Amino acid sequence: MREVTHVGDLELISHVPARPVHAAPVLFVHGAFVGAWCWDDHFLPYFAERGFAAHALSLRGRGRSGGFERLAGASLDDYEADVQLVARHIGGPLAVIGHSMGAMILQRCLHKLDAVAAVLMASVPPEGLLGSSMLLAARDPGLFAALSRIQHGPPDIETILAARRAVFSDHLDEVLVIRHLMRMQPESERAILDLSWPQHFFIGRARHVPTMVVGAEADAFFTPTMIHSTALVYGVAAEF
């Protein structure tokens, strides 16, 4: 069963089977520019069909959560508070899955969650965003400029073509690419600044939680080397 509720001002999309097979629910945390909707088409129903209660929150100012008017000043600490609030609402122990910025948010607050497992998908590396941003700007300045325009409103055709090349599979239908991009939102400038700097001080305080680190070999943002850097923190082998 799919339902959309709110925990305080935060949107929570849930797919819950009539009879959950697994005791631990799963909480998904999205990355920059998107909301809980990015998990809703495939991930949430996939896990629910396999007996998991699957939930995804929209961080403040994202999706149908409140706080859009204050989004520019939202910090990573604020996002961590959002995750902790929703995790307490769901109740633990639970498994947590984060993508990109969401994976870094989880790492920063994992020691405060009642988590039995964590999956970090294409995570911002421990070194922060600055290195990957500079690498992308040097390797493909046109792509870097086009993707930066997502921060300033609905994408034009040049941005759509660039984003397709960077973050979408070549096999994804053009209609779906446009649909997803039109739902994307600007990201908090404060959060991007927070992510730019090394994160070592904030992460790795929950190494007792079994953790999977996943990357994509053709990722335009986070190279295999960066994914291996995250895996090293948790003493695991990265999977691609």
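# Chatting through a predicted model

Me: How much area does the protein chain expose?
Reply: The protein chain exposes about 11,500 Å², and carbon and sulfur atoms supply 61% of that. Accessible areas come from the Shrake-Rupley method with a 1.4 Å probe. This is a predicted model, where local features need pLDDT of at least 70, side-chain atom pairs count only at pLDDT 80 or more, and totals for chains, interfaces and linings use all residues. Residues are numbered from 1 along each chain as its sequence is written, and side-chain values use heavy atoms, leaving out hydrogens and water.

Me: OK, and what share of the residues is buried?
Reply: Buried residues make up 51% of the 240 in the protein chain. Buried means under 20% relative accessible area (1.4 Å probe, protein chains only).

Me: How many helices and strands are there?
Reply: The protein chain has ten helices and seven strands. Those are DSSP runs, numbered from the N terminus: helices are H or I with at least four residues, strands E with at least two.

Me: Which residues of helix 10 are buried?
Reply: In helix 10 (residues 224–234) they are Met226, Ile227, Ser229, Thr230, Ala231, Val233 and Tyr234.

Me: And what comes just after helix 10?
Reply: Gly235, which takes a positive phi of about 65°.

Me: New topic: how far does the C-alpha trace span?
Reply: Along its principal axes, the C-alpha trace of the protein chain spans about 50 × 40 × 35 Å.

Me: What about contacts far apart in sequence?
Reply: Of the contacts between residues at least 6 apart in sequence, 67% join residues at least 24 apart. Contact means heavy atoms within 4.5 Å.

Definitions and conventions. Buried means under 20% relative accessible area, exposed over 50%, partly exposed in between (1.4 Å probe, protein chains only).
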